[in-house]
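Q: Please take a close look at one part of this structure, with attention to which residues are exposed or buried and how its strands are paired.
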Amino acid sequence: VARAARNKFLARQKMAQGGAPGQCRFALLPVRAPGQWEVPSAEALQQQVGFPAVVKPVNGAASVGVRKLLGPEELGGYLAMAAGDPSLAQTSLLLEECMGGVEVDVDMIFFGGELLWSNVVDNVMDACHREVEQVLPSQLPGDAVQGLTEC
C-alpha cells in the first residue's frame with residue numbers, strides 16, 4: 001500500500017481496480033535508460049489519454065516536473081527538458097488526462113486500519129499545472145470535504 005501511495009501510476013491502477021469514481025485516462029511512459037522513455041505514437045496517446053494532458057514523474061512531489069501539454073506535439077519538448085534534469089531523467093513518467101475542477105490534497109493518518117486524522121487542502125495551479133499555493137482550510141463545501149475523507 002505504501003509503495004502504491006508514492007507511485008502515481010500504481011495508485012491509479014489500484015484506484016481503477018477498486019472501482020474508484022472519477023478516474024481519468026492515463027498512460028505510463030517507462031524509462032528505458034537515463035533520459036530515454038518508451039513513448040507510444042501521437043495517435044495512440046491521443047486515443048488512450050486525450051489532450052490536454054498532464055505529464056509528471058511517477059515518483060515525486062511538490063509539482064516537480066509537472067507540466068500541462070495542450071497536444072501530443074508538446075511532449076517532445078517536455079522529454080528534452082526532462083532528459084537534462086537529473087531528478088527526472090531516471091524515472092518513468094505518467095501522462096494523464098487533464099480533468100477540470102478543483103484540485104485538492106487529501107492527507108490521512110491510519111493506525112491499525114482506523115482513520116485517526118484527515119485533512120483536505122485546496123491546490124492553486126498555474127498555467128503549466130504546477131502547484132503554486134495551497135489553501136487551508138479547504139474552500140469546498142463541508143459535505144464535499146467529508147466525502148473525500150470518509151473511508
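A: F111 counts as exposed, because its relative accessibility is 63% (exposed means over 50% relative accessible area, buried under 20%, and partly exposed in between, with a 1.4 Å probe and protein chains only). F111 lies in strand β7, where a strand is a DSSP run of E of at least two residues, numbered from the N terminus. The model is predicted, so local features need pLDDT of at least 70 and side-chain atom pairs count only at pLDDT 80 or more, while totals for chains, interfaces and linings use all residues. Residues are numbered from 1 along each chain as its sequence is written, and side-chain values use heavy atoms, without hydrogens and water.

H129 offers a contrast: this residue counts as buried because its relative accessibility is 15%, although H129 is found in a loop, the one between β8 and β9 (131-135).

The close look itself concerns strand β4, which spans residues 53-57. Five of the five residues of β4 are buried, so the strand is largely enclosed by the rest of the structure. The cover extends to both faces of β4, with A53, V55 and P57 buried on one side and V54 and K56 buried on the other.

The setting of β4 is an open sheet of four strands, which follow one another in the order β1-β6-β4-β5 with antiparallel pairing (two strands pair if DSSP finds at least two bridges between them). In that order, β4 stands between β6 and β5. The edges of the sheet belong to β1 (26-29) and β5 (67-69), each of which pairs on one side only.

Towards the edge strand β5, the antiparallel pairing of β4 runs over three bridges. Within this pairing, A53 has L69 of β5 as its bridge partner, while V54 stands opposite K68 of the same strand β5.

On the other side of β4 in the sheet order comes β6, a strand of residues 93-97 that pairs with β4 in the antiparallel sense over five bridges. Here V55 of β4 stands opposite L95 in β6.

Taken together, β4 is a strand whose residues are buried on both faces and which is paired in the antiparallel sense with β5 as well as with β6, whereas F111, in strand β7, counts as exposed.
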